[in-house]
2 protein chains.
Amino acid sequence: MDRVSVQTNVLKANQEAARENRRLFEREGTVVINLMSAPGAGKTSLLEATIRGLRDRCHLAVIEGDLQTDLDAQRIRDLGVRSHQITTGTVCHLDARMVARALVEFSLRGVELLVIENVGNLICPASYDLGESLRVVICSVAEGAEKPKKYPVMFHKADVVVLNKTDLAIASRVDLRELEKNVREVNPKATVFALSCTTGEGLNAWFAWLRDAIASRSITAAAGT
Amino acid sequence: MDRVSVQTNVLKANQEAARENRRLFEREGTVVINLMSAPGAGKTSLLEATIRGLRDRCHLAVIEGDLQTDLDAQRIRDLGVRSHQITTGTVCHLDARMVARALVEFSLRGVELLVIENVGNLICPASYDLGESLRVVICSVAEGAEKPKKYPVMFHKADVVVLNKTDLAIASRVDLRELEKNVREVNPKATVFALSCTTGEGLNAWFAWLRDAIASRSITAAAGT
């Protein structure tokens, strides 16, 4: 079997596992976010801000994907939120089976929002459906305005694009409007937030949107019972 | 054949192609840098600064690796330097055979320094030897101080680690000393430069080091003829 056939089989098996995960998430009424970005764009920082903003209003849990170390899971646990660490070794993305294995011991009972923080990589995770409800891609302003054009698959498949570190825009000499225009060229349908986890600018709009997403899901889940 | 065996075969074939490339580079007396980093850490900016700093003293050429677009190759050509674009589609790294194919039409005659700018990815390119003389990894200060611990394979294999965007350290709330300490914990042997392609701070030390690397290679090549 050649490399392409193996890759096709891997993605097919992943799709089956993702379908199982999605059924479980729907049964539990849990909104699940697959949070993706390049290394250092601010996935864990956005998670911490989101936990601080929403923990009094909704029940959150987190699955962390990293090559090594449980530094991120520890940051989440320090905020009093349940988190599970998946370490992938040299594997450059999470896949649906890794998430399924984590869910055997990590109960979703009562969890309204599960955030799965993927491995920091703007390419490979885009190919692996985890069964998520929403794909959220973070782009750090400091990475430059042309990133959506250069990594189009990741941006094209996103439901939400978060432009983080807006406080660094001037120092990084990046035009936020140009960055947003480049996102919209690759993906006209994505919801876009510009925010800074450091200053808090723009976070309220993101919180409000998430609360709406969770509320809609609860209504759907209640109607389905 | 299972996925692991396919991967093993792929890496073995890559190693053979890398050996061929290395022989060619040595025959031509060309110092070859495999330049790697996460998206937006400043590979192309460092290349532009290096071209401006060294073009009057040495003969440079560039191979650009990107998923799509030839934006980077165009930036290099705008500086009057010969560059060749490899677009990988969805492949998340360059491999030695892609470089070998590029070299069929891209002559190295007289080239003292060839920089191969890899696809923006802090994981997968680490596994693929291109036949380079030196592995240079860029870490943007804005990515945070803990990146070397979280992406250890890439940092462990580096000959040189460039800490770029030092001008953003204060705004990013990143302690440069902590970042450098984390690099040294993962890789005590790497040569480390802290610099800013925006302000020019620290670039002269990098230029001097590169000139030395090129001079040493020329001596070796002359002795070998």
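**Figure 1. What the buried side of helix α8(B) packs against in this predicted model.** The buried residues of α8(B) pack against two helices, α5 (147–150) and α6 (152–156), and against two strands, β6 (160–164) and β7 (191–194), of chain B. Helix α8 itself spans residues 176–186 of chain B, and its buried residues are L179(B), N182(B), V183(B) and V186(B). These residues cover an arc of only 100 degrees around the axis, so they sit on the same side of α8(B). An α-helix has 3.6 residues a turn, so residues three or four places apart point the same way. Turn to the face directed away from the buried side and you will find the exposed residues R177(B), K181(B) and E185(B).

**Figure 2. The loop leading into α8 of chain B.** Just look between α7 (169–172) and α8 of chain B to find R173(B). Its phi is near 55 degrees, which is a positive value in a residue other than glycine. Is R173(B) buried or exposed? R173(B) counts as exposed, because it has 11 C-beta neighbours inside 10 Å, and the cut-off for exposed is 12 or fewer.

**Figure 3. Strand β6(B) and its two partner strands.** Four of the five residues of β6(B) are buried, so the strand is largely enclosed by the rest of the structure. Strand β5 (residues 134–140) of chain B is joined to β6(B) by five bridges, and the two run parallel. To find your bearings in this pairing, look for S140(B), which stands opposite N164(B) in β6(B). Strand β7(B) also runs parallel to β6(B), with four bridges between them. Here V160(B) has T191(B) of β7(B) as its bridge partner.

**Figure 4. A closer look at V161(B) in strand β6 of chain B.** V161(B) is buried, because 25 other C-beta atoms lie within 10 Å and the cut-off for buried is 20 or more. Which residues does V161(B) touch, not counting those up to four places away in sequence? They are V137(B), C139(B), F155(B), V183(B), A190(B) and V192(B). One of them, V183(B), is also among the buried residues of helix α8 of chain B, so this view links up with Figure 1. For a sense of scale, V161(B) and Q7(B) are 154 residues apart in sequence and 27 Å apart in space, C-alpha to C-alpha.

**Figure 5. Strand β2(A), buried on both faces.** Moving over to chain A, seven of the seven residues of β2(A) are buried, so this strand is largely enclosed by the rest of the structure. L60(A), V62(A), E64(A) and D66(A) point one way from the strand, while A61(A), I63(A) and G65(A) point the other way. In a regular strand the side chains alternate between the two faces of the sheet. Strand β4 (residues 113–117) of chain A runs parallel to β2(A) and is joined to it by five bridges; L113(A) in β4(A) is the bridge partner of L60(A). Strand β3 (residues 83–87) of chain A is also parallel to β2(A), again with five bridges, and T87(A) in β3(A) stands opposite D66(A). To get from β2(A) to β3(A), the chain passes through α3(A) in a right-handed β-α-β crossover.

**Figure 6. The loop that holds T69(A), between β2 and α3 of chain A.** If you follow the chain from β2 (60–66) towards α3 (71–77), T69(A) lies in the loop between them. T69(A) is not a glycine, yet its phi is positive, at about 70 degrees. T69(A) is partly exposed, with 16 other C-beta atoms within 10 Å.

**Figure 7. Where chains A and B meet.** Each side brings a set of residues to the contact: 34 from chain A and 34 from chain B. On the chain A side, the elements that give two or more residues are α1 (3–28), α5 (147–150), α6 (152–156) and α7 (169–172). By class, this side has 17 nonpolar, nine polar and eight charged residues. How are the two chains related? A turn of 180 degrees, with a shift of 0.0 Å along the axis, lays chain A on chain B with an RMSD of 0.0 Å. That is the relation of a two-fold axis. Since 100% of the interface residues of chain A are also interface residues in chain B, the copies meet through the same surface.

Key
Residues numbered from 1 in each chain as written. Chains lettered and ligands numbered in written order. Predicted model: local features only at pLDDT ≥ 70, side-chain atom pairs only at ≥ 80, totals over all residues. Arc of directions from axis to C-beta. Contact = placed C-beta atoms within 7 Å. Pairing = 2+ DSSP bridges. Right-handed = clockwise from strand over helix to strand, strands pointing away. Least-squares fit on C-alpha atoms with pLDDT ≥ 70 in both. Nonpolar A, V, L, I, M, F, W, Y, C, P; charged D, E, K, R; others polar.
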